[in-house]
Structures are given as structure tokens and as C-alpha cells.
Amino acid sequence: MKSLAFVVLLCLGCSLMTSSFELELPHMWSKLILTHHWPSTFCSMEHCHSKFDYWTLHGLWPDKGQECNSSLHFNETLIQDLLPEMQKWWPDLKIPESSKFWKYEWQKHGTCAAKAESLNSQHKYFGKALELYHKLDLDGVMKKCNIVPSETYYTFDLIEGNILNFYNVKPKIQCIHPKEGKVQILGQIEICFNSDFQLDDCEHSETDTVNLNVKGAGFSVCDHATPVYYPPLKGKLLV
């Protein structure tokens with residue numbers, strides 16, 4: 001009789017574990033979005049003064065979930081060896097000497113990425129983001145394609161086409177859309193990876209928007225028909 005009761009309890013426990021797994025599975029991410037932003041555009045909205053004249057990291061975002069685990073607190077001491085790289089390639093554009101931006105990215109996105117064993121610590125998460133950033137070398141690719149900051153406008157198809165041809169995946173390119181609507185300002189480029197960190201197409205709709213702290217402002221998917229302004233760093237001489 002005791003043996004039968006033990007078997008029943010064991011089966012019940014397995015059933016509960018299976019149900020729990022099935023409930024959690026849909027919330028597991030399947031794609032990572034490596035997001036770059038253009039400092040000049042960001043600072044034109046956030047009223048900051050950027051010294052960075054290259055595409056910097058905005059974040060590494062899983063395609064599902066936000067703020068997934070409040071118990072995973074940000075601890076800067078765990079990524080001390082990464083800080084020199086992060087300060088250069090993943091800076092807080094508003095307060096460069098601060099770590100608040102990294103804390104925000106970890107709490108909002110990193111705790112969700114951490115559902116995968118390959119990203120289940122701060123060091124793995126930030127380290128992988130830097131690794132993918134350098135692997136892509138978006139800034140270098142743009143220059144190789146002769147797409148550089150300029151007072152001359154580009155077509156959206158030229159920018160998207162060159163990125164697509166180089167990486168062989170579709171990016172998501174986002175702009176600011178001034179009210180007058182005659183030109184859009186290049187602001188953010190997302191390039192996606194699957195769960196094995198292989199390049200993958202980014203999915204998006206025309207209504208995709210990333211809100212910033214400026215009231216009513218944000219990046220949204222660039223319009224194919226509107227000229228694109230790729231603004232130089234303020235005060236930087238164009239060659």
C-alpha cells in the first residue's frame with residue numbers, strides 16, 4: 001500500500017513539473033535583437049553632447065519578456081573586466097560615467113535572456129553582447145558600403161540593401177520622423193540572431209516604435225519613400 005501511494009505521489013509530482021514546464025516554455029525567447037543606436041540622433045532628442053562618432057550598443061534584447069526576474073540584481077563588480085569595453089562600445093550616452101544604463105538593460109532585458117544557460121549571468125550576457133557587436137562591426141560595414149554621416153541624404157533602400165547584402169539577413173532600421181515629413185533621421189539599427197547566436201531575419205511591423213524619455217518622441221520603422229538623413233557628430237569636420 002505504501003509503495004502504491006509513493007508511485008501516485010511520484011506521478012503527481014512529475015505531472016506538476018511537466019505542467020510547469022509547458023507553462024514556462026511559451027515565454028522562452030527564440031531570437032535576440034542586437035540594437036545599435038547612432039549617438040548624434042539620440043542626443044538630438046535627449047539633449048546630450050555625444051563624443052562618440054560610431055554606432056554604439058543600445059542593448060541585447062530577447063524577443064519575449066521584460067523584467068523577468070527581480071531577484072537577479074545588477075552587480076557591477078561581476079563585470080569589472082568588461083567595463084573598459086563597455087565604456088567604449090556600450091556607453092550611457094546621457095551620463096557616460098554612470099552604470100545606470102547597464103543596470104536598466106540587465107533588469108529589463110538581461111534577466112529574460114538569462115533563461116538560457118548560455119546567458120544566465122551578467123558576465124555571460126554583457127560579454128555575449130560585446131562579442132556579437134564586434135562580430136557584426138556595423139560601423140565598419142557602413143563605411144565599407146560608403147554610407148557615412150553626411151549632409152547629403154540617402155535613400156532608405158540603399159541603406160537597407162547594403163546591410164542586407166552584407167549580412168544576408170534583414171535588419172530593422174528605425175528613424176525619427178520630424179513633423180514636416182520631408183526627411184527622416186537615421187537613429188537605430190537592429191540585427192537579429194537565433195538562440196544559437198546565428199544571424200537571423202528581424203521581424204517587424206510598420207507600427208514598431210521605441211519610445212525614449214522625450215515626451216512624444218521615439219524611433220519607429222523608417223519609411224521606404226522618405227529621404228534619410230544620417231547626421232554627423234556635431235562639430236565634426238566631414239572628409
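Student: Which residues does H109 touch, not counting residues up to four places away in sequence?

Tutor: Happy to start there, and please keep in mind that this is a predicted model. Once residues up to four places away in sequence are set aside, H109 touches L60, W61, P62 and Y125.

Student: Where is H109 found, and is H109 buried or exposed?

Tutor: H109 is found in helix α4, which covers residues 100–113. A residue counts as buried when its relative accessible area is under 20%. The relative accessibility of H109 is 7%, so H109 counts as buried.

Student: At which residues does UniProt place the feature "active site"?

Tutor: This label comes from the UniProt record, an unreviewed entry. H109, which we have just met, is one of the residues given there. The record places the feature at H58, E105 and H109.

Student: Why can H58, E105 and H109 be said to gather at one spot?

Tutor: In sequence they span 52 residues. Their C-alpha atoms tell us about space, and the reason they gather at one spot is that no two of these atoms are more than 11.3 Å apart.

Student: Is H58 buried or exposed?

Tutor: H58 lies in strand β2. Leaving aside neighbours within four places in sequence, its contacts include W90, F101, E105 and Q188. With a relative accessible area of 9%, H58 is buried.

Student: How are α4 and α5 oriented relative to each other?

Tutor: Two packed helices are described by the angle between their axes and the distance between the axes. The axes of α4 and α5 come within 10 Å and cross at roughly 100°. That angle makes the two helices roughly perpendicular.

Student: Which residues of α5 meet α4?

Tutor: On the α4 side, the residues taking part are W102, E105, W106, H109, G110 and A113. E105 and H109 also carry the "active site" label from UniProt. Their partners in α5 are Q122, Y125 and F126.

Student: How far apart are the end C-alpha atoms of α5?

Tutor: Helix α5 has 15 residues, 122–136, and at 1.5 Å a residue it should span 21 Å. The model agrees with this, because the end C-alpha atoms of α5 are apart by 21 Å.

Student: How many residues does α5 give to the largest nonpolar core?

Tutor: The largest nonpolar core has 53 residues, and those touching the most other members are W90, F126, M142, I163 and L186. The largest share of this core comes from α5, and that share is seven residues.

Student: Which residues are in contact with F126, leaving aside its neighbours within four places in sequence?

Tutor: F126 is among the buried residues of α5, and F126 also meets α4. With neighbours within four places in sequence left aside, its contacts are F74, I79, L82, M86, W90, W102 and W106.

Student: What is the phi of D137, the residue that follows α5?

Tutor: D137 comes after the end of α5. Its phi is positive, near 50°.

Student: H47 and F197 have positive phi too, so which one is buried and which one is exposed?

Tutor: Neither is a glycine: phi is near 55° for H47 and about 65° for F197. H47 lies in the loop between α2 and β2, while F197 is found in the loop between β4 and β5. Relative accessibility separates them: at 12%, F197 counts as buried, and at 67%, the exposed one is H47.

Key. Residues numbered from 1 in each chain as written. Predicted model: local features only at pLDDT ≥ 70, side-chain atom pairs only at ≥ 80, totals over all residues. Heavy atoms only, no water. Helix = DSSP H or I, 4+ residues; strand = E, 2+ residues; numbered from the N terminus. Buried < 20%, exposed > 50% of the residue type's maximum accessible area, 1.4 Å probe, protein only. Expected span 1.5 Å × (residues − 1). Core = buried A, V, L, I, M, F, W, Y, C linked by side-chain atoms within 4.5 Å. Contact = heavy atoms within 4.5 Å. UniProt positions renumbered as here; feature names shortened; annotations may be inferred. Axes fitted to C-alpha atoms, helices over the stretch in contact; angles between N-to-C directions. Parallel < 35°, antiparallel > 145°, perpendicular 65-115°, else oblique.
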